[in-house]
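Student: I would like to learn how to read the features of a model like this one. Can we go through them in turn?

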Amino acid sequence: MMTTTRFGTRDIARAKAFWRPIAEMVGAKTIYDRDNMISFRGETGSMLLIGVPLKGEHEVGNGNMAGFQVSSRELVDAVHAKALELGGSDEGAPGIRGDDPNGFYGAYFRDLDGNKLVAFRFGPPDA
């Protein structure tokens, strides 16, 4: 499976301010913090990199998305709320997707550059 996702940004300082609190919420640590890029690594070793494109201007991908699998539905809700609080846009409020009430629970948002993400949890509500 995928282990690394990279998104572009038009403003690295603004992107860092958006992504740091969200990365902390999902248990990721900052591993690189450079003038043109920031990188976070989760407990499983997967990485999210946000950076200024190496060539040209940042453009939002049509149909592109990355996701964070988190430990609880409450954390899905909290990540989505934090993204909106930090200026991100709602792409789908937290909730069950599909017919199985114990299946996929997710919330979709876009960051300040328009990159689309989902925070999700598989399984029944937490005890």
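**Reading helices, sheets and contacts**

Tutor: This is a predicted model. Let us start with a single residue, His80, which is found in helix α2, residues 73-85.

Student: Is His80 buried or exposed?

Tutor: The relative accessible area decides this. Buried means under 20%. His80 has a relative accessible area of 6%, so His80 is buried.

Student: Which residues does His80 touch, beyond those up to four places away in sequence?

Tutor: His80 touches Asp90, Gly92, Ala93, Pro94, Ala107, Tyr108 and Phe109. With Tyr108 there is also a polar contact: the side chain of His80 reaches the backbone oxygen of Tyr108 at 3.3 Å.

Student: Some of those residues lie in strands. What is the strand order of the sheet that contains β6 and β7?

Tutor: As a general idea, the strands of a sheet pair through backbone hydrogen bonds, either parallel or antiparallel. Here four strands form an open sheet in the order β5-β8-β7-β6, and the pairing is mixed. At the edges stand β5 (66-69) and β6 (89-96); each has a single partner strand, so one side of each is left without a neighbour in the sheet. From one strand to the next the twist averages 20°.

Student: In which sense do β6 and β7 pair?

Tutor: The sense is antiparallel, over five bridges, with β7 covering residues 104-110. To follow the register, take Ile96: its bridge partner in β7 is Tyr105.

Student: Where do the helices lie relative to this sheet?

Tutor: Give the strands that a helix lies across, then its angle to one of them. Helix α1 (residues 12-25) lies across β5, β7 and β8 (116-122), and runs at about 165° to β7. Helix α2 lies across β6, β7 and β8, at about 10° to β7.

Student: How do the axes of α1 and α2 cross?

Tutor: They come within 10 Å of each other and cross at roughly 170°. An angle over 145 degrees counts as roughly antiparallel, which makes α1 roughly antiparallel to α2. On the α1 side the contact is made by Phe18, Pro21, Ile22 and Met25, and on the α2 side by Leu75, Ala78, Val79, Lys82 and Ala83.

Student: What classes of residue make up the contact of α1 with α2?

Tutor: By class there are eight nonpolar residues, no polar ones and one charged residue.

Student: What can be said about Arg14 in space and in sequence?

Tutor: Compare the separation along the chain with the distance between C-alpha atoms. Arg14 is found in helix α1. Arg14 and Leu112 are 98 residues apart in sequence, while their C-alpha atoms are 7.9 Å apart. Leaving aside neighbours within four places in sequence, Arg14 is in contact with Leu112 and Asp113. Arg14 has a relative accessible area of 34% and is partly exposed.

Student: Now the sheet that begins with β1. What is its strand order?

Tutor: This open sheet has four strands in the order β1-β4-β3-β2, with mixed pairing. Its edge strands are β1 (4-8) and β2 (29-33), each of which pairs on one side only. The twist averages 20° from one strand to the next.

Student: How many bridges join β1 to β4?

Tutor: Five bridges join them, and β1 and β4 (residues 47-51) run parallel. In this pair, Arg6 has Leu49 of β4 as its bridge partner. Helix α1 packs on this sheet, where it touches β2, β3 (37-41) and β4, and its direction makes about 10° with that of β3.

Student: How much of β3 is buried?

Tutor: β3 is mostly covered, with four of its five residues buried.

Student: How does β3 pair with β2?

Tutor: Look at the sense of the pairing, then at the connection. β2 and β3 pair in the antiparallel sense over four bridges, and Thr30 stands opposite Phe40 in β3. A hairpin of three residues joins β2 to β3.

Student: What joins β3 to β4?

Tutor: Five bridges join β3 to β4, and the two run antiparallel. In the register of this pair, Met37 stands opposite Gly51 in β4. The two strands form a hairpin with five residues between them, and in the turn Gly45 has a positive phi of about 95°.

Technical notes. Residues numbered from 1 in each chain as written. Predicted model: local features only at pLDDT ≥ 70, side-chain atom pairs only at ≥ 80, totals over all residues. Heavy atoms only, no water. Buried < 20%, exposed > 50% of the residue type's maximum accessible area, 1.4 Å probe, protein only. Polar contact = N/O pair within 3.5 Å; in protein donor to acceptor, adjacent residues only side chain to side chain. Contact = heavy atoms within 4.5 Å. Pairing = 2+ DSSP bridges. Axes fitted to C-alpha atoms, helices over the stretch in contact; angles between N-to-C directions. Parallel < 35°, antiparallel > 145°, perpendicular 65-115°, else oblique. Nonpolar A, V, L, I, M, F, W, Y, C, P; charged D, E, K, R; others polar.
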